[in-house]
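A few comments on this model follow, as numbered points. Please read them with the coordinates open.

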Amino acid sequence: MSLFRTAAATSLVLGFLTACTSHEAANPGISVPPSPSVSPSAAAPGTSSIPSPDNSVATGAPPGAKKPSGIPKTPTDVIASPGWTDGLVTRGGSGPCYGFADWDGKPFAVYSPLGTELKKGDHIRARFVPNKLRIDCGEGTQVVMEAFERVK
């Protein structure tokens with residue numbers, strides 16, 4: 001490189017460096033001067049007065065999102081209840097009370113007015129509803145068996 005090119009490049013670099021420090025920054029720690037369209041007093045305290053670029057990633061809630069008004073009054077989980085449950089008979093007999101455990105091991109105390117003969121260890125698929133009757137069929141979640149089918 002010639003001496004002329006070296007001197008020109010050095011003066012350009014020094015000019016850029018001194019231009020960045022010759023203006024007082026709007027906020028300490030920000031080396032870029034604010035945009036002329038935004039005054040420092042218009043920006044909220046603790047925020048930059050520099051507009052963000054159009055290709056930045058938005059933060060916060062999506063447009064149209066509303067803040068919840070409080071704690072939900074009903075469960076927000078979608079649980080299919082009552083429904084069909086697979087499992088094994090843990091206490092058999094001709095009824096009206098049976099023992100049942102689903103595949104997760106959750107015990108059910110089953111009441112059924114059908115009078116069906118079930119044997120301990122039978123694999124069945126049953127439709128249970130919560131037991132609203134005052135009948136205690138033992139340990140586990142108290143349910144009424146509306147229907148069942150044997151699984152082989």
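1. Both phenylalanine 100 and phenylalanine 108 come out as buried. They also form an aromatic pair, with 6.0 Å from centre to centre and 55° between the planes. That angle makes the pair tilted, because the edge-to-face class begins over 60 degrees and the stacked class lies under 30. The structure holds three aromatic pairs. Phe100 and Phe108 join Phe128 in one aromatic cluster. Note that the model is predicted, and that side-chain atom pairs count only at pLDDT 80 or more.

2. On overall content: the protein has one helix and five strands. Read from the N terminus, the order of elements is α-β-β-β-β-β. Of the 152 residues in the protein, 19% are buried. The exposed area is about 11800 Å², and carbon and sulfur atoms supply 60% of it. Among contacts with a separation of 6 or more, 49% are between residues 24 or more positions apart.

3. How do the strands close up? Five strands form a barrel, in the order β1-β2-β3-β5-β4, with mixed pairing. Neighbouring strands of this sheet are turned against each other by 55° on average, with direction ignored.

4. The pairings of β1 can be checked one by one. With β2, β1 pairs in the antiparallel sense over four bridges. Leucine 88 has alanine 101 in β2 as its bridge partner, and arginine 91 has glycine 99 in β2. β1 and β2 form a hairpin with five residues between the strands. In the turn of that hairpin, glycine 93 has a positive phi of about 135°. With β4, β1 is again antiparallel, over five bridges.

5. Strand β2 also pairs with β3: the two run antiparallel and are joined by five bridges. Alanine 101 stands opposite proline 107 in β3. Alanine 101 is also the bridge partner of leucine 88. Four residues lie between the strands of the β2 and β3 hairpin, where glycine 105 takes a positive phi near 90°. As for burial, β2 is largely enclosed by the rest of the structure, because five of its six residues are buried.

6. Which residues make up the largest nonpolar core? There are eleven: Val89, Tyr98, Phe100, Phe108, Val110, Leu118, Ile124, Ala126, Phe128, Val143 and Met145. The elements that give two or more residues to this core are β2 (97-102), β3 (107-111), β4 (123-130) and β5 (141-150). Strand β4 gives the most, with three residues. A second, separate core has five residues, including Ala109, Tyr111, Val129 and Val144. As background, nonpolar side chains in soluble globular proteins tend to be buried together.

7. One member of the largest core, alanine 126, can be followed through its contacts. Apart from neighbours within four places in sequence, alanine 126 is in contact with Gly83, Trp84, Thr85, Met145, Ala147 and Phe148. Met145 also belongs to the largest nonpolar core.

8. Is aspartate 86 buried, partly exposed or exposed? Its relative accessible area is 30%, so aspartate 86 counts as partly exposed, a class that lies between the 20% and 50% limits. Aspartate 86 is found in strand β1, which covers residues 84-91. Across the pairing with β4, aspartate 86 stands opposite arginine 125.

9. The surroundings of aspartate 86 link several of the points above. Not counting residues up to four places away in sequence, aspartate 86 touches Phe100, Asp102, Trp103, His123, Ile124 and Arg125. Of these, Phe100 and Ile124 are listed in the largest nonpolar core, and Phe100 takes part in the aromatic cluster with Phe108 and Phe128. Aspartate 86 and valine 151 are 65 residues apart in sequence, with a C-alpha to C-alpha distance of 8.7 Å.

Definitions and conventions. Residues numbered from 1 in each chain as written. Predicted model: local features only at pLDDT ≥ 70, side-chain atom pairs only at ≥ 80, totals over all residues. Heavy atoms only, no water. Buried < 20%, exposed > 50% of the residue type's maximum accessible area, 1.4 Å probe, protein only. Contact = heavy atoms within 4.5 Å. Core = buried A, V, L, I, M, F, W, Y, C linked by side-chain atoms within 4.5 Å. Pairing = 2+ DSSP bridges. Axes fitted to C-alpha atoms, helices over the stretch in contact; angles between N-to-C directions. Areas by Shrake-Rupley, 256 points an atom, 1.4 Å probe, with all protein chains shown as cover. Phe/Tyr/Trp six-rings, centres within 6.5 Å; stacked < 30°, edge-to-face > 60°.
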